[in-house]
Amino acid sequence: RFYSLYFNANYVYDSRYSLSASWRLDKTDLFGADPKFRGRPLWSVGASWNAHNESFIRDITWIDALKPRVSYGLTGNIDSSVSSYLTGEIKYNDFISDNYASLKNPPNDQLRWEKTQTWNAGIDFSFLGYRVSGSFDYYHKRGSDLLCSTDVDPTNGVTSVVINNGVCLNHGFELQLNGHILEARNRDQFGINAYLNLSFNKNEIIYVNKAPSGGFDALMYGRLHKGYPISGLFSYDYAGLEVVDGMQYVMWRDHEGQKQNSSVTNDSFTVQDIVYSGTLDPKFVGTFTPEFTWKGFSLSGMFAYYGGHVMRVNTDDMTAEGSMNGYGFTTNIQAFPSSYLNYWRTGDVSKYFGNGYASENIIGAADLYSKYGNNNVVPADYLKLRNIVLGYTFPEQLTRRIGINEARLRVQMTNVATWARNNAGKDPEAVNAFDGTNRNKAPRSYTFSLFLNF
């Protein structure tokens, strides 16, 4: 259950200076093993200045509104998937035809809310008779007491537990612009509007007390590395394929630049040998929506851009299947990739992974793990035309005759087109960015709607 109290206060002096404050107390019994951790006091303070009401700006006719502002506050967050109480999960076993229980969450009476301290500075503006308006914000967020998994003494009955131990920083900016480029003063005139949103975010792990147990563990998804983004992608430094005495070796370079041919699952591959490939989360996000109106018709389209991040692609090329029995026992993939033909057409084991019976001659390439090389990492930047919307508003004199106040017809096409930066021809939204496996593309869809107001 949840229980909340909140208080808001605002004070404005002379239509120019504003102060604001908020205080909130949220409590929940999700973290109720120790009463002092059931709640988290949250608060914020802010100030703003209506500069356009000042005498020295009021006479500048092209400035309609100009409002600088600053704020600081503390917010909280909980994760309902973890609890401070000992919890189990009941499951059904098909072999013994009976229920059984497994430990889902060990007890932790120190579990508490995550908290985020946020500085924000921004400005709202409007110019040229409200033809151009928007806002710009810069923020700096420090998250602490973040819920992270950490190793514990296995004699406790579990090998890891979720505790409050992470610290991360986020900072960036957001820009919003609205433009009435050509104003339509009546239904028959041609009008042009445009809307632009841009944002940039950079995050960094400042502290986490769980270190990877080895190089291979450091490659896994969700591992946090101090000094890197939360969604950092790490790889081994792929050094190609080599053939010695008929055996195919997958080579990688260690932190000293020396080539190695052992599997990355071995202890010889250490944390120092991993390489940072980039972040899986976009640093830049932008949308642009132009809109045209004329004689009751409206036409708009939203372009969305995502950039500054990376992804893995074509990891099927780094797999190999088969045995002395041919392809009779396939365990690692659901369908044979077309890249297998590269080997069969050329027989070049210095360039392509052997497969079929030849896959038994591969050393250092456990098929599930060889895909984590940096040779599969490409930029994930892409521009997508999200939708095109065509609408028509029927003339009022027509709708009134049939007893309708307002009538609008709307047609929308979604997932129109995608332009991706990578040379693999992959839609980043149709790829698992961490392991490079392909997903189904979002289909193009059409929506027809009719709005009537009686």
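Leu-299 lies in strand S16 of this predicted model, and because its relative accessibility is 39%, Leu-299 counts as partly exposed, the class that falls between buried, under 20%, and exposed, over 50%. Leu-299 also belongs to a nonpolar patch on the surface, which it forms together with Ile-181, Leu-182, Phe-190, Phe-292, Trp-294, Phe-297 and Leu-390, and the accessible area of these residues together is about 730 Å².

The patch draws on several strands, and those that each supply at least two of its residues are S9, S15 and S16. Their extents are set out below.

| Strand | Residues | Contribution to the nonpolar patch |
|---|---|---|
| S9 | 160-182 | at least two residues |
| S15 | 284-294 | at least two residues |
| S16 | 297-307 | at least two residues |

Turning from the surface to the interior, a search of the whole structure finds one cavity of 30 Å³ or more, and the volume of the largest cavity is about 30 Å³. Two elements, helix H2 (215-219) and strand S11 (232-244), give two or more residues each to the lining of this largest cavity, and S11 gives the most, with three residues.

The lining of the largest cavity is made up of Ala-218, Leu-219, Met-220, Tyr-221, Arg-223, His-225, Gly-232, Leu-233, Phe-234 and Phe-434. By residue class, seven of the lining residues are nonpolar, two are polar and one is charged; since Arg counts as charged, the charged residue in this lining is Arg-223.

Technical notes
Residues are numbered from 1 along each chain as its sequence is written. This is a predicted model: local features need pLDDT of at least 70, side-chain atom pairs count only at pLDDT 80 or more; totals for chains, interfaces and linings use all residues. Side-chain values use heavy atoms; hydrogens and water are left out. Patches are made of residues with over 30% relative accessible area and no salt bridge: like charges are joined within 9 Å, nonpolar side chains (Val, Leu, Ile, Met, Phe, Trp, Tyr) within 5 Å. Accessible areas come from the Shrake-Rupley method with a 1.4 Å probe; for residues, only the protein chains shown count as cover. A salt bridge is a side-chain nitrogen of Lys or Arg within 4 Å of a carboxyl oxygen of Asp or Glu. Helices (H or I, at least four residues) and strands (E, at least two) are DSSP runs, numbered from the N terminus. Buried means under 20% relative accessible area, exposed over 50%, partly exposed in between (1.4 Å probe, protein chains only). On a 1 Å grid over the protein atoms alone, a cavity is a set of points where a 1.4 Å probe fits but cannot get out, and a pocket is an open set with protein on both sides within 12 Å along at least five of seven lines; lining residues have an atom within 4 Å of a point. Grid points are joined across faces, edges and corners, and a volume is the space filled by probe spheres set on the points.
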